[in-house]
Amino acid sequence: MSYEDIINYKYEKSKTHKWMSNDKRAFQFAPFSALNGYEEAIYNASIINDKKRIISTDLKDELNLKMKYISKNLNTIDKVKITYFNKKQGSYQIIDEKIKKIDEIDKKIILMNNDMIYFDDIVDIYLEEFKNLIW
């Protein structure tokens, strides 16, 4: 293809439009995402998720006893180590945090940072005091 008909054509500036700086011209071609959150959804789908384990009745009973102990002694307990299933991340997590409140009605623990852990997601609770107790 030959451009001889336009190669020597003299450029005339527009009389109706202002001259646009190179930065503004480049901004016209900036990336555009028509689907907000699409990349995040693809990333989340690519994460290999653990499956939530079903815990035994004996373990549930032990966890309930530990929860009652913590509930009674909440003011004296500094931090509790809890292993739980994080549904958002699809994996088991261990936190070592202070508990603000134990909500028996909604069956959840509320931490000092206002994160919540539901009783059904907990697989282990550890306190130093539990070493000497027999469950």
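The following dialogue explains how terms are applied to a predicted protein model.

Trainee: What should be known about the model before its features are discussed?

Mentor: This is a predicted model, in which local features need pLDDT of at least 70 and side-chain atom pairs count only at pLDDT 80 or more, while totals for chains, interfaces and linings use all residues. Residues are numbered from 1 along each chain as its sequence is written, and side-chain values use heavy atoms, with hydrogens and water left out.

Trainee: How many helices and strands does the protein have, and what makes a run count as one?

Mentor: The protein has four helices and six strands. Helices are DSSP runs of H or I with at least four residues, strands are DSSP runs of E with at least two, and both are numbered from the N terminus. Along the sequence the pattern reads α-α-α-α-β-β-β-β-β-β.

Trainee: Why is F130 called buried, and why is Y69 called partly exposed?

Mentor: Buried means under 20% relative accessible area, exposed means over 50%, and partly exposed lies in between (1.4 Å probe, protein chains only). F130 has 7% relative accessibility, so F130 counts as buried. Y69 has 25%, and therefore counts as partly exposed. Of the 135 residues of the protein, 24% count as buried.

Trainee: What makes Y69 and F130 an aromatic pair, and of which kind?

Mentor: Rings of Phe, Tyr and Trp (its six-membered ring) pair if their centres lie within 6.5 Å; planes under 30 degrees apart count as stacked, over 60 as edge-to-face and the rest as tilted. For Y69 and F130 the centres are 5.6 Å apart and the planes stand at 70°, which makes the pair edge-to-face. Y69 belongs to helix α4 and F130 to the segment after β6, so this pair ties together parts 61 residues apart in sequence. The rings of F85 and Y92 have centres 5.1 Å apart and planes at 65°, so they too form an edge-to-face pair. Both F85 and Y92 are buried, and the structure holds two aromatic pairs.

Trainee: How do you know that β1 and β2 pair?

Mentor: Two strands pair if DSSP finds at least two bridges between them. β1 and β2 have seven bridges and run in the antiparallel sense, so the condition is met. I82 has I95 in β2 as its bridge partner. Four residues lie between the strands of this hairpin, where G90 takes a positive phi near 65°. β1 is also joined to β6 by four bridges, again antiparallel, and Y84 stands opposite I122 in β6.

Trainee: Why is β1 described as mostly covered?

Mentor: Six of the seven residues of β1 are buried.

Trainee: What makes β3 and β5 edge strands?

Mentor: An open sheet of three strands has the order β3-β4-β5 with antiparallel pairing. β3 and β5 (116-118) each pair on one side only, and they are the edge strands. The twist from one strand to the next averages 20°. β4 and β5 are joined by three bridges, and I109 has I117 as its bridge partner in β5.

Trainee: What makes a group of residues a nonpolar core, and which members touch the most others in the largest one?

Mentor: A nonpolar core is a set of buried Ala, Val, Leu, Ile, Met, Phe, Trp, Tyr and Cys residues joined through side-chain atoms within 4.5 Å. The largest core has 23 residues, and I70, V80, I82, I99, I109, I122 and I125 touch the most other members. Elements that each supply at least two residues include α4 (57-72), β1 (80-86) and β6 (122-126). The largest share, four residues, comes from β1.

Trainee: With which residues is I82 in contact beyond its neighbours within four places in sequence?

Mentor: Contact means heavy atoms within 4.5 Å. On that basis, the contacts of I82 are Q93, I94, I95, I99, I109, I117, I122 and D124.

Trainee: Is D121 buried or exposed?

Mentor: D121, in the loop between β5 and β6, has 5% relative accessibility and therefore counts as buried. D121 touches K52, T83, Y84, F85 and K87, not counting residues up to four places away in sequence.

Trainee: Why is M116 not called buried?

Mentor: M116, in strand β5, has a relative accessible area of 43%, so M116 is partly exposed. Leaving aside neighbours within four places in sequence, M116 is in contact with K108, I109 and I110.

Definitions and conventions: Axes fitted to C-alpha atoms, helices over the stretch in contact; angles between N-to-C directions.
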